[in-house]
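Student: I am new to this structure and would like a close look at a single part of it. Could you choose where two helices pack against each other, and then set that place within the rest of the chain?

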Amino acid sequence: MKRHVASLLAQALEAMREAGELPADLELPEVQVERARDRAHGDYAANTAMVLAKAARQKPRDLAETIRSRLPASPSIAGVEVAGPGFLNFTLTAAARQESVREVLRQGAGYGRTDVGAGHRVHIEFVSANPTGPLHVGHGRGAAFGDALASVLEAAGYDVHREYYVNDAGRQMDILAASLWLRYLEAAGEPVPFPAKGYQGAYIVAHAGELLETDGRAHVRGADELTAGLPAEADDPEGYLDALVARARELLGETAYRRVLDFALEAILGDIRADLDAFGVHYHRYFSERELVEQGRIEHALARLDAAGFTYHADGALWFQASAFGDDKDRVLRRDNGLTTYFAADVAYHLDKIERGFDTLVNVWGADHHGYVPRVQAALKALGVDAERLDVRLVQFAILYRGGEKLPMSTRSGEFVTLRELRDEVGKDAARFFYVMRRSEQHMDFDLDLAKSESADNPVYYCQYAHARICSVFRQLEERGLACRVAPEQAELERLEAEHEAILLDLLGRYPEVIESAALSREPHQVAQYLRELAAAFHTYYNAVPFIIDDEALRDARLTLVKATRQILANGLGLLGVDAPQSM
């Protein structure tokens, strides 16, 4: 309907120009139509006259009156008023509002989907936690946000590709392999001192036990061989760790060392995949950083930067002139030891996305990566890519509360509260809904008690209960030997005259606009807020008006209305990855 109003306005402006009421060479703006904030002011409002007044050399209210007089007639519009400094307020006919009910039931699960994305190819990368430990509650917010955003974009007509970037190359993977191997030696009865900078978690111990069970003692080496000649850890913990990794490679040989590394990677990545699957998050691809290295994609990217003239050598290292493109300083691509940096891999990964043909790259990053944005934008500019094609969404950490008390987010050993622990405590649906209730860049307090409560204050319970309550209405109908047999087209929706019914009718008609707005602004929380509003309107209606009544025509009209409400609740919850239960 919003597009219909915009179309009427565009036709009126063209008619005015043809009639000489607007200059022939006046460039007409894109018509902007918004939902009226107050229903007393109609359903839609447009500021077209105020935008055009200066160029048209007319007073805004006078211009608005002329536009109104030129609007084509529409069976969907009951009236248009000029208000305030020159707003045009449109009021829909009752039939137009009622038609949204029929449209919901005609389209079912497809209702709300739009074509605003026009098949635009979007690559969205989210979570991408290092495969060195379990996902924690901070990753959970990125997972819920990224997945909901991807679903909203798909509903708006974008061609979306979901990807997880696996940082499975570099020093951190060597430290992981060494950590697992040391725990393996412990399990095999060859205890060795465990480095303070190694990965400490209990999951390392567990996976080391699995390696011993799978491979037996094939990788056992003596503790004396391992520690002989290593530097003192207290003097240089990082240097000690690097020496330990080098000793592991030497004692195991490259084949066995790679076996230990791959075992650790597959075990932890397997846990991550399992956690995300249970959280309802699925990807088109897990993209390996190691593949970038092995397929020469990093060297390809560095060659592109070099050919463009934006690299130089200094102090034995290869640098990128990032400061020439808005970054605060230049960045190292290859260190003086010949190894490429994580930044070089990121440049290659983003170039790879572009070369795979994606129009827009959406990165969902933790807020602590804020400083990383300018350098990646700089690299894209240097590669001749419009930096506007990169859209980085930052996600703030969530703080957990129980009994009004803030919970410690990590143990003494540095292990964070895991996503699995959160899911076990509050459930997948509550976690996902709570995570997307606010803008991603806003701080979030996650009240565990509220998320588990069965009350109107719990937003996910309130929305799911609305769906279950409507299902219950139809079960009660059946138990009484009744049914809503009338087709939506035959339902006497004009009988829906109560204020509660008018509010629900307005909300049903708004749903496609909410999806479009959420997609264009990359804000899935708009869907969550809308669902809370819709659920509240339904519960109020339920408490005020009986549905199963003797007046069959009015009963069928009300049941048709709540059936459409149930459909939209299911559609919207589905976009957020939340189940719509039949009963609660």
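Tutor: In this predicted model, helix α14, residues 419–426, packs with helix α15, residues 428–435, at an angle of about 110 degrees, and their axes are 6 Å apart. Angles from 65 to 115 degrees count as roughly perpendicular, so α14 is roughly perpendicular to α15. On the side of α14, the contact is made by Leu422, Arg423 and Val426, while α15 brings Lys428, Ala430, Ala431 and Tyr435 to it. Sorted by class, the residues in this contact of α14 with α15 are 5 nonpolar and 2 charged, with no polar residue among them. The angle and the distance are given together because two packed helices are described by the angle between their axes and the distance between the axes.

To place this pair in its setting, it helps to look at the chain as a whole. The chain has 20 helices and 15 strands, and its C-alpha trace spans about 90 × 70 × 40 Å along the principal axes. Of its 584 residues, 52% count as buried. Taking the contacts between residues at least 6 apart in sequence, 72% join residues that are at least 24 apart.

Another helix, α17, covers residues 459–479 and contains His467. This histidine counts as buried because its relative accessibility is 5%, where buried means under 20%. Leaving aside residues up to four places away in sequence, His467 touches Arg566, Leu569, Ala570, Ala580, Pro581 and Gln582. With Pro581 there is also a polar approach, since a polar atom of the His467 side chain lies 2.8 Å from the backbone oxygen of Pro581.

A residue outside the helices can be read in a similar way. Lys197 is placed in the loop between α6 (171–187) and α7 (202–215), and it counts as partly exposed because its relative accessibility is 45%. Not counting residues up to four places away in sequence, Lys197 touches Ile175, Glu233, Pro237, Glu238 and Leu241. Glu238 is 41 residues from Lys197 along the chain, yet their C-alpha atoms are separated by 7.2 Å.

The strands add a further kind of arrangement. An open sheet of 4 strands follows the order β1-β2-β4-β3, and its pairing is antiparallel. At its edges are β1 (33–35) and β3 (77–83), each of which pairs on one side only. Neighbouring strands of the sheet are turned against each other by 25 degrees on average, with direction ignored. Between β1 and β2, which covers residues 44–46, there are 3 bridges in an antiparallel arrangement, and Arg35 has Tyr44 of β2 as its bridge partner. Helix α3, residues 60–70, packs on this sheet, touching β3 and β4 (87–92), and its direction makes about 165 degrees with that of β3.

Farther along the sequence, strand β8 (residues 311–314) and strand β9 (residues 317–320) run antiparallel and are joined by 4 bridges. Thr311 stands opposite Phe320 of β9. The two strands, β8 and β9, form a hairpin with 2 residues between them, and in that turn Asp315 has a positive phi of about 55 degrees.

Terms used
Residues numbered from 1 in each chain as written. Predicted model: local features only at pLDDT ≥ 70, side-chain atom pairs only at ≥ 80, totals over all residues. Heavy atoms only, no water. Axes fitted to C-alpha atoms, helices over the stretch in contact; angles between N-to-C directions. Parallel < 35°, antiparallel > 145°, perpendicular 65-115°, else oblique. Contact = heavy atoms within 4.5 Å. Nonpolar A, V, L, I, M, F, W, Y, C, P; charged D, E, K, R; others polar. Pairing = 2+ DSSP bridges. Buried < 20%, exposed > 50% of the residue type's maximum accessible area, 1.4 Å probe, protein only. Polar contact = N/O pair within 3.5 Å; in protein donor to acceptor, adjacent residues only side chain to side chain.
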